[in-house]
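Please work through the following exercises on salt bridges and ligand surroundings. Each task is followed by a stepwise solution.

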Amino acid sequence: MKPIRVGLLGIGTVGAGTFNVLQRNQEDIRRRAGRGIEITMVAARDTERARALTGNGVEVVSDPFAIVDSPDIDIVVELIGGVELPRELVLKAIANGKHVVTANKALLALHGNEIFAAAQDKGVMVAFEAAVAGGVPIIKALREGLTANRIESVAGIINGTTNFILSEMREKGLDFATVLKQAQELGYAEADPTFDIEGVDAAHKLTIMSAIAFGIPVQFDKAYIEGISQLQAVDIRYAEQLGYRIKLLGITRRTRTEAGEGIELRVHPTLIPAARLIANVEGAMNAVLVQADAVGASLYYGKGAGSEPTASAVIADLVDVTRLATVDPYCRVPHLAFQPNEMTDVAIMPMAEITTSYYLRVYVKDQLGVMADLTRILADGGISIDAVLQKEPGNQVNLDIIMLTHQTREKNIDAAIAKIEALPAVIGKVTRIRLETLA
Ligand code: NDP
Ligand code: HSE
């Protein structure tokens, strides 16, 4: 059988990794896929650089539409990044009857519903393993490996850049800006690194996992997003003294309240007990913890970013698409795990309704009765305290009071924080970080 013909849109960090791994392992990949997989066209703005990477025998073009419109291409691999241009390219490729592989989580989080519907109509596949957790095959696990289960929750460290920053800050005491620069040099960070540090990239990935886990549409606009840019080194230290690590965690979970069933969809810095496996995931590594009714807890760990780890996932998709290209579209694995006509519309919960535990740091004047005021406000709000730590951060006049609470509703803690900030002895804002035991 003739090799399947692939057009690569973009030959940057992930594109070059894909090209190299496909060349290096082509014989094993052919034996697995049942036929060869050949990159025959590449699009890049800097065509000289692209030619230097591909060598002869590959057509290099500067116009990516030349690939999606080419009758000689079977699969389009979108590795350009951004949203609007990839959306146009992917929809055009689908309209032209081509299968698509993409690593673009922003694209799918924002336009996944439109893209999957178009692919469904046209009977083509859109594969996106590389879009979530880089080289970790979590999409395959959620969509196929766990298909027997009712999934209860997914919680993950799904942004390598922020995990790298948090690890280096905690282990080496390096400052935020220095470590971010290193992450950019290592090719982990997005073109716009605010997507990483403000939690947007993690929310893109979480939104995709949530849709697959629960059979709901992709709803990025409903995600609660808080990044690590406001996180202070002092809180990383205090958390450690209390036996916790702070991680940027994406959490999506089924929740039942008096109002009915809802789905949590949130990304924020989170204290996790240091004894948990996932709390020890360091550097650019990713990990996703899935709770499901039959299998229980399962943890998926590996490199979440970088050239060849991400290429590994892109090529796994290429092999899947190659194997299934001739199969009746109705016999393929649905894009979001559930059959398109079996999706549900369970609502995403407003943040005020979620229940979790909290780390609170209150900077106070060292006055008689201040601790009593704090504990009274929490008790009045029905919030029970789990641990208290008192620290003198450098002077004898003011104190940091750190409290860990038991589980409570977010709206209760919001109300208590407003009352605490109004106390005359309290200086500035209360620092609030959510805490998950992940038991
Ligand atoms: P890079 O910026 O390294 O590469 C982008 C490539 O796209 C470059 O070859 C660039 O060409 C090309 N390109 C951009 N715009 C155009 C255009 N208008 N026409 C033709 N070519 C164009 O990005 P990455 O490889 O890091 O990321 C690609 C995608 O993969 C993104 O969606 C990203 O979110 C995702 N991803 C990245 C991971 C990583 O670790 N880096 C991990 C998982 C997913 P030129 O260089 O000539 O300008
Ligand atoms: N910028 C992303 C990260 C790349 O740091 O995880 C992988 O998606």
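The exercises below refer to this predicted model.

**Exercise 1.** Determine how many salt bridges the model contains, and state which parts of the chain the pair Glu114 and Arg87 ties together.

*Solution.*
Step 1. The criterion requires a side-chain nitrogen of Lys or Arg within 4 Å of a carboxyl oxygen of Asp or Glu. By this criterion, the count comes to 41 salt bridges.
Step 2. For Glu114 and Arg87, the closest N and O atoms are 2.8 Å apart, and the two residues form a salt bridge.
Step 3. Glu114 belongs to helix H6 (residues 105-122) and Arg87 to helix H5 (residues 84-95), so the pair ties together parts that are 27 residues apart in sequence.
Step 4. Buried means under 20% relative accessible area and exposed over 50%, with partly exposed in between. Glu114, with a relative accessible area of 34%, is partly exposed. Arg87 also counts as partly exposed, at 22%.

**Exercise 2.** Locate the salt bridge between Glu240 and Arg170 in the secondary structure, and identify the network of salt bridges that includes these residues.

*Solution.*
Step 1. The side chains of Glu240 and Arg170 meet in a salt bridge with an N to O distance of 2.9 Å.
Step 2. Helix H12 (residues 233-241) holds Glu240, while helix H8 (residues 160-172) holds Arg170; the pair therefore ties together parts that are 70 residues apart in sequence.
Step 3. Glu240 has a relative accessibility of 36% and counts as partly exposed.
Step 4. The network of salt bridges links Arg170, Glu171, Glu240, Arg245, Lys247 and Glu282.

**Exercise 3.** Decide whether Glu264, which forms a salt bridge with Arg253, is buried or exposed.

*Solution.*
Step 1. In the salt bridge between Glu264 and Arg253, the closest N and O atoms lie 3.5 Å apart.
Step 2. Glu264 is part of strand S10 (residues 260-273) and Arg253 is part of strand S9 (residues 244-257), so this pair ties together parts that are 11 residues apart in sequence.
Step 3. The relative accessibility of Glu264 is 1%, and the residue counts as buried.

**Exercise 4.** Describe the surroundings of ligand 2 and state how much of its accessible area the protein covers.

*Solution.*
Step 1. The residues that surround ligand 2 include Lys105, Gly160, Tyr188, Glu190, Asp196, Asp201 and Gly304.
Step 2. Oxygen atoms of ligand 2 have polar side-chain partners: Thr161 at 2.6 Å, Lys205 at 2.8 Å and Asn159 at 3.5 Å.
Step 3. On its own, ligand 2 has 250 Å² of accessible area, of which the protein covers 93%.
Step 4. Ligand 2 sits in the largest pocket. Helix H8 and helix H11 (200-214) are the elements that give two or more residues to the shell around ligand 2.

**Exercise 5.** State how many residues surround ligand 1, and determine which backbone atoms lie at given distances from its oxygen atoms.

*Solution.*
Step 1. Ligand 1 is surrounded by 25 residues, the closest being Ile11, Val14, Asp46, Glu190 and Gly306.
Step 2. A backbone N or O atom lies 2.8 Å from an oxygen atom of ligand 1 in the case of Val14. The corresponding distance is 2.9 Å for Thr13 and 3.1 Å for Gly12.
Step 3. Ligand 1 exposes 910 Å² when taken alone, and the protein buries 82% of that.
Step 4. The space taken by ligand 1 is the largest pocket.

How values were computed. Residues numbered from 1 in each chain as written. Chains lettered and ligands numbered in written order. Predicted model: local features only at pLDDT ≥ 70, side-chain atom pairs only at ≥ 80, totals over all residues. Heavy atoms only, no water. Helix = DSSP H or I, 4+ residues; strand = E, 2+ residues; numbered from the N terminus. Buried < 20%, exposed > 50% of the residue type's maximum accessible area, 1.4 Å probe, protein only. Near = heavy atom within 4 Å. Polar contact = N/O pair within 3.5 Å; in protein donor to acceptor, adjacent residues only side chain to side chain. Areas by Shrake-Rupley, 256 points an atom, 1.4 Å probe, with all protein chains shown as cover. 1 Å grid on protein atoms, 1.4 Å probe; cavity = no way out; pocket = protein on both sides within 12 Å on 5 of 7 lines; lining within 4 Å. Sits in = over half its atoms within 2 Å of the grid points.
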